[in-house]
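Reader: I'm more at home with gels than with folds. Could you walk me through this one, feature by feature?

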Amino acid sequence: MRTVITGGAGFVGSHLCERFLAEGDEVLCVDNLLTGHRRNIVHLMNDPKFQFIEHNISEPLQVDGAVDNVLHFASPASPADYLAHPIPTLKVGALGTHNALGLAKAKDARFLLASTSEVYGDPEIHPQREDYWGNVNPIGPRGCYDEAKRFAEAITMAYHRYHGVKTRIVRIFNTYGPRMRLNDGRVLPAFMGQVLRDESLTVFGQGDQTRSFCYVTDLVDGIYRLLHADFSEPVNIGNPSELTVLELAKEIIAMVPTTKSTIIYNPLPQDDPKRRRPDITRAQQLLGWNPTIDRAEGLKRTLEYFRTVV
């Protein structure tokens with residue numbers, strides 16, 4: 001098989017490139033390096049089945065030859081990134097998804113969209129099920145990301161219904177692991193960077209907002225299974241093990257006994273979701289998927305990686 005992965009030099013995208021190469025596919029990695037980085041894929045460059053194209057998928061992309069799969073993962077994905085790049089975020093959710101779908105349609109390829117738990121906004125139901133329509137502020141500071149992904153889901157379903165494209169939609173919940181950027185603004189790398197530098201861990205609000213963290217290899221396995229399933233509606237992939245942000249901060253401090261870090265509190269950002277946990281019943285029933293890496297092991301592996309880059 002030949003698989004195109006947009007955003008393939010990013011955190012999740014680079015792990016997907018590895019997985020599809022391991023499965024024997026040829027992989028065409030497309031990334032404009034706005035938030036991705038060559039270092040995430042440098043170890044793949046000598047693989048004859050791997051090709052990297054530096055390109056902004058918000059502009060049309062021509063690919064010669066057959067393509068079997070198109071995975072659209074190009075987008076800023078952390079609050080720091082999409083608040084710094086709101087227009088490119090909206091463009092890649094709209095124009096980028098349109099271009100990626102057009103490629104899949106032209107090549108009669110399967111298409112998988114990387115959507116997000118942020119389509120649920122600040123949810124009024126808990127845990128979040130795929131049939132929940134969400135509670136999103138379209139004109140708030142996070143709207144550039146939330147609405148870009150909601151539009152991306154809508155156009156993906158339109159291509160499925162009108163053009164018959166074999167589409168899949170994965171709603172990704174908080175994911176972590178090696179190759180995250182320390183400065184990407186997400187809570188887990190922020191805490192790990194702070195604890196390794198003996199800085200105070202910054203907790204927003206009282207830290208009672210909850211998150212559910214899935215290790216990246218578990219996420220990639222769920223995505224791979226979904227691509228090969230015959231199901232077009234969204235599927236949550238995430239780890240339902242829920243904890244508060246304050247509990248996470250304390251767990252990470254405890255992992256570095258020599259640290260001098262303490263916890264400080266800052267005001268809660270606007271529209272920050274108060275609770276986040278996936279209902280993964282659909283993934284369990286359709287894909288036979290469950291996360292396998294528990295948080296203690298995942299945090300250990302991730303901290304070991306961050307020690308090499310701090």
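## Reading the fold

Author: Let's start with one residue: Asp184 counts as buried, since its relative accessibility is 1%, and anything under 20% falls in that class. Keep in mind that this is a predicted model.

Reader: Okay, where is the place of Asp184?

Author: Asp184 sits in the loop between β7 and α5.

Reader: And which residues is Asp184 in contact with, leaving aside neighbours within four places in sequence?

Author: Those are Ser78, Ala80, Asp81 and Pro189. Take Ala80: along the chain Asp184 and Ala80 are 104 residues apart, yet their C-alpha atoms are separated by 6.0 Å.

Reader: Pro189 turned up in that list. Which helix has Pro189 among its buried residues?

Author: That's α5, whose buried residues are Leu188, Pro189, Phe191, Met192, Gly193, Gln194 and Val195. To judge a helix, count how many of its residues are buried. Helix α5 covers residues 187-196, and 7 of its 10 residues are buried, so it is mostly covered.

Reader: What covers the buried residues of α5?

Author: The cover includes β7 (175-176), β8 (201-204), α7 (245-254) and α9 (295-307). Just after α5 there's also Asp198, with a positive phi of about 60°.

Reader: Now the strands. How do I read a sheet?

Author: List the strands in the order they lie side by side, then check their directions. Here an open sheet of 7 strands runs β3-β2-β1-β4-β5-β6-β11, with parallel pairing. The edges are β3 (50-54) and β11 (234-237); each has a single partner strand, so one side of each lacks a neighbour in the sheet. On average, neighbouring strands of this sheet are turned by 20° against each other, direction ignored.

Reader: How many bridges join β2 to β3?

Author: There are 5, and β2 (residues 26-31) runs parallel to β3. One residue to look at is Cys29, whose bridge partner in β3 is Phe52.

Reader: Which strands does helix α1 touch?

Author: Helix α1 (residues 11-22) packs on the sheet and touches β1 (2-6), β2, β3 and β4 (69-72). The direction of α1 makes about 175° with that of β1. Helix α3 (residues 86-107) packs on the sheet too, touching β1, β4, β5 (110-116) and β6 (167-172), and its direction makes about 175° with that of β4.

Reader: Is a residue of β5 such as Thr116 buried or exposed?

Author: Thr116, in strand β5, is buried, with a relative accessible area of 5%. Not counting residues up to four places away in sequence, Thr116 touches Tyr145, Lys149, Val170, Arg171 and Ile172. Val170 is 54 residues from Thr116 in sequence, and the two are 7.3 Å apart in space, C-alpha to C-alpha.

Reader: Last one: how do I read two helices packed together?

Author: Look at the angle, the distance and the handedness. Helices α3 and α4 (residues 143-163) pack at about 15°, with their axes 8 Å apart. That makes the two roughly parallel, because angles under 35 degrees count that way. The crossing of α3 past α4 is right-handed.

Reader: Which residues meet there?

Author: From α3, they include Leu90, Gly93, Ala94, Thr97 and Leu101; from α4, they include Tyr145, Ala148, Ala152, Ile155 and Tyr159. An α-helix has 3.6 residues a turn, so residues three or four places apart point the same way. By class, the contact of α3 with α4 has 11 nonpolar, 7 polar and 1 charged residues.

Note on methods: Residues numbered from 1 in each chain as written. Predicted model: local features only at pLDDT ≥ 70, side-chain atom pairs only at ≥ 80, totals over all residues. Heavy atoms only, no water. Pairing = 2+ DSSP bridges. Helix = DSSP H or I, 4+ residues; strand = E, 2+ residues; numbered from the N terminus. Axes fitted to C-alpha atoms, helices over the stretch in contact; angles between N-to-C directions. Contact = heavy atoms within 4.5 Å. Parallel < 35°, antiparallel > 145°, perpendicular 65-115°, else oblique. Left-handed = near helix turned anticlockwise from the far one by under 90°. Nonpolar A, V, L, I, M, F, W, Y, C, P; charged D, E, K, R; others polar. Buried < 20%, exposed > 50% of the residue type's maximum accessible area, 1.4 Å probe, protein only.
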